[in-house]
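These are my notebook entries on a single protein chain. I set down each look-up in the order in which I made it.

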Amino acid sequence: MSYQTELRNKNRGYMNLIVWQKAMDLFELAWGIAYKEAKIDFKLRSQFADAVQSISSNISEGYGRRSVNEYIQYLYVALGSSAESLTRAFGLNRSEQVTDIRTRDFDLLHYEVENRLLRLIQKLEQKRDDGDWIARISEDPEEYSAKPLLQNSNTPKYPSTPALHPAA
């Protein structure tokens with residue numbers, strides 16, 4: 001799925017971040033598990049989906065803050081939501097509400113998102129500490145007109161259809 005829109009501006013640059021795109025993929029996978037495939041308690045599935053959605057939401061909110069310190073802070077919140085979502089996924093698996101196969105699918109994609117978040121935080125902290133952070137956003141609309149593609153990734157796109165990985 002493309003996460004780009006034809007409407008581009010200086011605050012939508014987070015859509016180019018692979019970590020944000022992968023976090024959106026993780027949410028799509030979690031939504032399928034929680035609401036389409038498995039028989040999960042209403043409160044638990046809501047908490048699981050909310051924790052996963054919080055990852056991409058905090059990446060984008062931090063980006064929009066335009067301050068390196070706030071950006072890093074929101075990325076750490078996203079990392080915390082990442083840990084919460086994995087804990088909830090494992091809990092749902094241990095209580096036999098989600099299959100081992102779907103838990104493994106989630107774990108694989110989650111692992112990539114988590115590592116990309118850690119690397120982004122590390123790079124931003126290094127830029128901040130080196131005084132290399134540039135808070136300037138280009139005013140040139142040409143920079144926002146291109147439709148960047150999702151770059152190559154080691155993690156395959158997992159199907160969102162339950163037919164390939166039945167919940168029961």
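**Entry 1. Asn 93**

In which helix does Asn 93 have its place? I located Asn 93 in helix H3. I note at the outset that the model is a predicted one. I then looked up the accessibility of Asn 93: the relative value is 17%, and Asn 93 therefore counts as buried, the cut-off being under 20%. I also looked for a partner of the Asn 93 side chain. A polar atom of that side chain lies 3.0 Å from the backbone oxygen of Val 98.

**Entry 2. The chain as a whole**

I next recorded the secondary structure. The protein chain has five helices and zero strands, and its pattern along the sequence reads α-α-α-α-α. The chain has 168 residues, of which 42% count as buried.

**Entry 3. Helices H1 and H3**

I checked the length of H3 against expectation. Helix H3 runs over residues 68-94 and has 27 residues, which should span 39 Å at 1.5 Å a residue; I found its end C-alpha atoms 39 Å apart, so the two values agree. Beyond H3 I noted Glu 96, whose phi is positive, near 60°.

I repeated the check on H1. From first C-alpha to last, the 20 residues of H1 reach 27 Å, close to the 28 Å expected at 1.5 Å a residue. Why can H1 be called largely enclosed by the rest of the structure? I found 15 of its 20 residues buried, and H1 is therefore described in that way.

**Entry 4. Val 52**

I turned to helix H2, residues 42-65, which contains Val 52. The relative accessibility of Val 52 is 0%, so Val 52 counts as buried. I also looked up its separation from Trp 31: the two residues are 21 apart along the chain, and their C-alpha atoms are separated by 8.8 Å.

**Entry 5. Salt bridges**

How many salt bridges does the count come to? I recorded seven, and I examined several of them individually.

I began with H3. The side chains of Arg 88 and Glu 84 meet in a salt bridge, with 3.0 Å from N to O. Arg 88 and Glu 84 are four residues apart in helix H3, which means that about one helical turn separates them. In an α-helix there are 3.6 residues a turn, so residues three or four places apart point the same way. I find Arg 88 partly exposed, because its relative accessibility is 25%. Glu 84 is also partly exposed, at 33%.

I then moved to H4. Arg 102 forms a salt bridge with Asp 105, and the closest N and O atoms are 2.8 Å apart. Both residues lie in helix H4, three residues apart, about one turn of the helix. Are Arg 102 and Asp 105 buried or exposed? I recorded both as buried; for Asp 105 the relative accessibility is 6%. The pair also appears as a polar contact between the two side chains, at 2.8 Å.

I looked up a further pair, Arg 128 and Asp 129, whose side chains meet in a salt bridge at 3.0 Å, N to O. Arg 128 is partly exposed, with a relative accessible area of 31%. Asp 129 has a relative accessible area of 56% and is therefore exposed. Separately, I noted that salt bridges with shared partners join Lys 22, Glu 112 and Arg 116 into one network.

**Entry 6. The second largest pocket**

Finally I looked for open space. Rolling a probe the size of a water molecule over the atoms shows where empty space is left. I recorded about 220 Å³ of space in the second largest pocket.

Which residues line the second largest pocket? I listed Asn 16, Leu 17, Ile 18, Val 19, Arg 116, Arg 119, Leu 120 and Lys 123. Helix H1 (18-37) and helix H4 (100-130) are the elements that give two or more residues to this lining. The largest share, four residues, comes from H4. By class I noted four nonpolar, one polar and three charged residues in the lining. Arg 116 occurs in two of my look-ups: Arg 116 lines this pocket, and Arg 116 belongs to the salt-bridge network with Lys 22 and Glu 112.

Terms used
Residues numbered from 1 in each chain as written. Predicted model: local features only at pLDDT ≥ 70, side-chain atom pairs only at ≥ 80, totals over all residues. Heavy atoms only, no water. 1 Å grid on protein atoms, 1.4 Å probe; cavity = no way out; pocket = protein on both sides within 12 Å on 5 of 7 lines; lining within 4 Å. Points joined across faces, edges and corners; volume = space filled by probe spheres on them. Nonpolar A, V, L, I, M, F, W, Y, C, P; charged D, E, K, R; others polar. Expected span 1.5 Å × (residues − 1). Buried < 20%, exposed > 50% of the residue type's maximum accessible area, 1.4 Å probe, protein only. Polar contact = N/O pair within 3.5 Å; in protein donor to acceptor, adjacent residues only side chain to side chain. Salt bridge = Lys/Arg side-chain N within 4 Å of Asp/Glu carboxyl O.
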